[in-house]
Amino acid sequence: MTNDAATADAPQQFGFEADVAQLLELMTHSVYSERDVFLRELISNAADACEKLRYESLSNEKLAAQAGAPLVTITLDKERRQLTVADNGVGMSHDELVSALGAIANSGTRAFLEKLGKENGSEGSSLIGRFGVGFYSVFMVADLVEVATRRAGEDEAWLWSSEGKGTYSIAPLAPEKAPPVGARVTLHLNAESGEFLEPWRIENIVREHSGAVSTPIDLVEEPGKEPRRIADGAALWAKPKSEITQEQYTDFYRQLSGAYDEPALTAHWRAEGRTEYTVLAFVPSARPFDLFEPSRKSKSKLYVRRVLISREAELLPAFLRFVRLVVDSADIPLNVSREMAQKSPAIASIGKAVATRILQELKKLAEHEPEKFAAVWENFGAVLKEGLHEDPSRRDDLFAIAGFASTKSEGKARTLKDYVADLRENQTAIYYITGDDAKRLAASPQLEGFRARGVEVLLLDDPVDSFWVTSALGFEGKPFKSVTQGAADIDLVPLAEEAKDEAQPAADVGDLVAALRETLADSVEDVRVSTRLTESAACLVASDKGLDRQLARILSESGQNGLFGKPVLEINARHPAVAALVMSLRDKGRGGAADGMHLLLDLARVADGEQPVDPAAFARRLSALIAKGA
Ligand code: ADP
Ligand code: MG
C-alpha cells in the first residue's frame, strides 16, 4: 500500500482538543501496560463499525444494497513495516472523523483526566480502552497512523493522519484509493514494534483478544497473498448448545486454560433477567499447577458484548478458583477500568449467581455420575472445603457434595448425610479426627473406644479441615466434635457385643493417676482414666478448653508456639501395661515407677506421630526395659 497522504492534495491541519497532546503522552506511556491491546482496540472498532452498518441497513435500503458480509482484514507488510486493519463497516464522514478521532473521550477530556487523577496513576494505568480512548492506543506501536475511510452512503472519501503528537490532518482522498465502504487503518510501526509484523504473533493476539468478536477476521500475511481466515466471527458461547460438539468445547477449554486435559464438567448457560449474560464454565480433570498459589485468586475471562475486558476477572470466590470460566454480558458498563469493573455491582451479582450455578452443577454430577464426581472431589475437594470455612452462606451447598474418608468409608467417600443416617443409639455428635494422613489416622488409639461402640469417625487429612470443623456449627443439628478433644462423651453409646467381654479394670488405678499427674506435670495438663481406649495403654487428647491437637500443631508450625496449652493423658485401666504400672507403683513407690510412667507418656506421643519428650531418656528407659527380658 502506498502512503496515501503523499498523493492527497492540500491537507487541512487540526489541533487536537485542549489537553489532548498531554493526554496522548500519558495514554501511550502509562495507560496501556500491554502493548498488544492496540489490535484489540482496532478490531473492536472495526467490528462495531460493521455492526453499526448492519443496524443502519435495517432502515435504509440503499445502505443495505451496499453492505456486504461484514469482514475485518488484517494485512501485514514487512517491507514497509505496515500493519493495516480494514473493515467494510459504516466508515466515517469528514465531520465524524473530526469528532470521533479528533476528540479523545467524547464524554469529555476533562472528566477523563479527572478520573485518571482520582485513580492515582497506578490504578489509572490499567484503564482500558473503553472510555472513547481506545483508538489512541495505536500510538504505542506506530509513529504514523492513517485512516482511509468512506462513510456508507457517501461518495467522498477521506484520509485522516496523525503522528500522535498533538495534531492530525484530514484530506480528501481520491475515490480509487479509498475503500468502497468502511475504514482502513494503516499503522507505520515504530522501531520497537517489529513483532507485530509476524503472522503467528497477530494470530495469537486475535485468538486471545478477539477470537470472540462477531465479525470474521482474515489475515493477509503479505501484500498480494491470499487472505486466510483466523477467526470465524462466532464466539463459541454465543452459539446454541445444540450446535456445539463436545470436541469444540474441549478445544475451547484447552485454549482457555492452556492445559491439555479434558474438562471433567462443562456448563454452558444463558442467564436472563435483570442482568443478562452468557457463561461457559469448565471444571478441569487435572489440578492446574497454580491451584495452591498463595494469592488464591480466581481468574475468569470477562467479555462485554464479546470484547475481552479482562483475562483475570475475580468473579468467583477463592474456593472455586479451579473453575475455568468465560462470562459475556451486555449489561456491564463499558466506561470503567478493570479494577472498577471488578467492583461493579452487576459483576458482583453475576459472580454470585455463577458460583451458585456451578455448585448446582457439581451437585448434579455427584448425583448422576458419582464416579466422575469422585474424581473432581479428589482433585478439588481440598479447595472446595475452603468455602466451608470462608463462606458460611455456601456451607449447606458444599456439605451436600462433600465426601470424606471415615472409619466406615472403605475407599468410598462418605457424605455427611451418609454419616447422620448411620448414627448409633444415643450418639449426639459427628466425630472427627484430623491429621495429615487418613491411613495413619485410622490407626490412631483415640479411635478405639469409638470403634468398640461402632461409632463412625471422619478421618480429615487436609490442612483446611482443621479450620472449617471448628467454624461450622454442625450438620442437621449434630455438632462436629474432635475425638482428640476433651473427655469423650461416648459412654452413653452402648458397646458393640464383641467388645463387651473385657478384662477387669486394674484396682488402685486412682493411685496411679495421682502419681502420673505429679510425675508428668511438666508435660501434661491432666491425667485421667479413658473411655475411648480399648486396645492401647494410653493416648493424648486436648484439654476440654484447648484447641484440637491437629489444629494446635498446624498453628505452632506457623510459629504460634506454646499458646495452646498442654495435652491431657488418658490411660486405659484395663490394659496389662497399666495394671503392671499400678503394681510397680505399689511395690517400688513413685521413684521406682517413674521410668514406666515416662515411657507411658512417650508411648502416647509416638502413637500420635510425635517425638518422645526426651529421645535420649526414652532410649535409655526402653533399653533398660528390654534388658529386663521384655
Ligand atoms: P470507542 O470505540 O470506545 O468509541 P475509540 O477511540 O476506539 O473509542 O474510537 C472512537 C470513535 O471512532 C468510535 O466511537 C467510532 O465512532 C470511530 N471509529 C473508530 N474506528 C472506526 C472504524 N473502523 N469505522 C468507523 N468508525 C470508527
Ligand atoms: Mg474502540
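Serine 169 has a relative accessibility of 10%, under the 20% cut-off, so we count serine 169 as buried. That value comes from a predicted model, as does everything else I will show. In sequence terms, serine 169 belongs to strand β6, which runs over residues 167-173. What is serine 169 in contact with, once neighbours within four places in sequence are left aside? There are two stretches to look at. One is Pro11, Gln12 and Gln13. The other is Leu159, Trp160 and Ser161.

Next, a pair of helices. Helix α10 covers residues 345-368, and helix α11 covers residues 370-390. Their axes come within 7 Å and cross at roughly 135°. That angle makes α10 oblique to α11. As for the hand, the crossing of α10 and α11 is left-handed.

Which residues meet there? On the α10 side we have Leu359, Leu362, Leu365, Ala366, Glu367 and His368. On the α11 side we have Pro370, Lys372, Phe373, Val376 and Leu384. By class, the residues of this contact between α10 and α11 are eight nonpolar, one polar and two charged.

Last, confidence. The protein averages a pLDDT of 84, and 85% of the residues score at least 70. Where does pLDDT stay under 50? One such stretch is residues 105-113, for which the model has 21 contacts beyond four places in sequence. Another is residues 118-132, with 45 contacts beyond four places in sequence. If you have the structure open, those are the contacts to read with the pLDDT under 50 in mind.

Definitions and conventions:
Residues numbered from 1 in each chain as written. Chains lettered and ligands numbered in written order. Predicted model: local features only at pLDDT ≥ 70, side-chain atom pairs only at ≥ 80, totals over all residues. Heavy atoms only, no water. pLDDT = per-residue confidence, 0-100. Contact = heavy atoms within 4.5 Å. Helix = DSSP H or I, 4+ residues; strand = E, 2+ residues; numbered from the N terminus. Buried < 20%, exposed > 50% of the residue type's maximum accessible area, 1.4 Å probe, protein only. Axes fitted to C-alpha atoms, helices over the stretch in contact; angles between N-to-C directions. Parallel < 35°, antiparallel > 145°, perpendicular 65-115°, else oblique. Left-handed = near helix turned anticlockwise from the far one by under 90°. Nonpolar A, V, L, I, M, F, W, Y, C, P; charged D, E, K, R; others polar.
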